[in-house]
Amino acid sequence: MNAPTLLIGLGGTGCKIIERVSKMVTGEQRNNIAFAFFDTDINDLRGIQERNPFIKTIQTSTKPVSYTHLRAHET
């Protein structure tokens with residue numbers, strides 16, 4: 001892969017997929033591929049960052065927005 005590429009993981013499952021893919025990338029490919037994770041769980045993001053320091057992690061909210069939204073709509 002020669003073109004600069006950004007792979008983004010969104011949420012828990014997206015982050016797990018991108019973390020797996022990042023392990024398949026060679027050092028040479030890593031020069032052209034960047035990885036970013038977006039999630040609300042700071043603990044998950046810290047763990048990913050510790051295991052993969054070359055991956056950028058972004059906390060999208062300090063609240064578990066998805067969970068809060070779903071709970072608000074329960075009957």
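Biologist: Which elements do the buried residues of helix 3 pack against?

Modeller: They pack against helix 1, strand 2 and strand 3, the last of these running over residues 56-59. Please keep in mind from the beginning that this is a predicted model, so each statement here describes computed coordinates.

Biologist: Then, before going further into helix 3, how should I read the confidence of the chain, and where is it lowest and highest?

Modeller: The general idea is that pLDDT gives the predictor's confidence in each residue, on a scale from 0 to 100. In this chain the mean pLDDT is 82, and 81% of the residues reach 70 or more. Confidence is lowest in helix 4, residues 65-72, where the mean is 61, whereas strand 1 has the highest mean, at 92.

Biologist: How many helices and strands are there in the chain, and what pattern do they follow along the sequence?

Modeller: The chain has four helices and three strands, and, read along the sequence, they are arranged as β-α-α-β-α-β-α. Of the contacts in the chain with a separation of 6 or more, 44% are between residues 24 or more positions apart.

Biologist: What share of the chain is buried, and what does the chain expose?

Modeller: A residue is called buried when its relative accessible area is under 20%. By that cut-off, 27% of the 75 residues in the chain are buried. The chain exposes about 5,600 Å², and carbon and sulfur atoms supply 56% of that area.

Biologist: Returning to helix 3, which of its residues are buried, and how are they placed around the axis?

Modeller: The buried residues of helix 3 are L45, G47 and I48. Seen down the axis, they fall within an arc of 160°, so they line one face of helix 3. The face turned away from this buried side carries the exposed residues N43 and E50. At the start of the helix, a side-chain oxygen of D41 comes to within 2.8 Å of the backbone nitrogen of N43.

Biologist: Can we read helix 1 in the same way, and which of its residues are buried?

Modeller: In helix 1 the buried residues are G11, G14, C15, I18, E19 and S22. They cover an arc of only 135° around the axis, which puts them on the same side of helix 1. On the other side, T13, K16, R20, K23 and M24 are exposed. The cover over the buried residues of helix 1 includes strand 1, helix 2 (27-30), strand 2 (33-39) and helix 3 (42-51). As for its length, helix 1 has 14 residues and reaches 20 Å from its first C-alpha to its last, close to the 20 Å expected at 1.5 Å a residue.

Biologist: Let us take one residue of helix 1: why does E19 count as buried, and what is E19 in contact with, leaving aside its neighbours in sequence?

Modeller: E19 has a relative accessibility of 9%, and it counts as buried because the cut-off is under 20%. Leaving aside its neighbours within four places in sequence, E19 is in contact with F37, I48, R51 and N52. One of these partners, I48, is among the buried residues of helix 3, while N52 is found in the loop between helix 3 and strand 3. N52 is itself buried, with a relative accessible area of 4%, and, not counting residues up to four places away in sequence, N52 touches E19, S22 and K23.

Biologist: At the beginning of the chain, where is T5 found, and is T5 buried or partly exposed?

Modeller: T5 is found in strand 1, which covers residues 5-10, and at 24% relative accessibility T5 counts as partly exposed. Apart from its neighbours within four places in sequence, T5 is in contact with N32, I33 and A34. The C-alpha atoms of T5 and A34 are separated by 6.2 Å, although the two residues are 29 residues apart along the chain. A polar atom of the T5 side chain also lies 3.0 Å from the backbone oxygen of A3.

Biologist: Where does N32, one of the contacts of T5, lie?

Modeller: N32 lies in the loop between helix 2 and strand 2, and N32 is partly exposed, with a relative accessible area of 27%. N32 and N2 are 30 residues apart in sequence and 6.5 Å apart in space, C-alpha to C-alpha.

How values were computed: Residues numbered from 1 in each chain as written. Predicted model: local features only at pLDDT ≥ 70, side-chain atom pairs only at ≥ 80, totals over all residues. Heavy atoms only, no water. Helix = DSSP H or I, 4+ residues; strand = E, 2+ residues; numbered from the N terminus. Buried < 20%, exposed > 50% of the residue type's maximum accessible area, 1.4 Å probe, protein only. Contact = heavy atoms within 4.5 Å. Polar contact = N/O pair within 3.5 Å; in protein donor to acceptor, adjacent residues only side chain to side chain. Expected span 1.5 Å × (residues − 1). Arc of directions from axis to C-beta. Areas by Shrake-Rupley, 256 points an atom, 1.4 Å probe, with all protein chains shown as cover.
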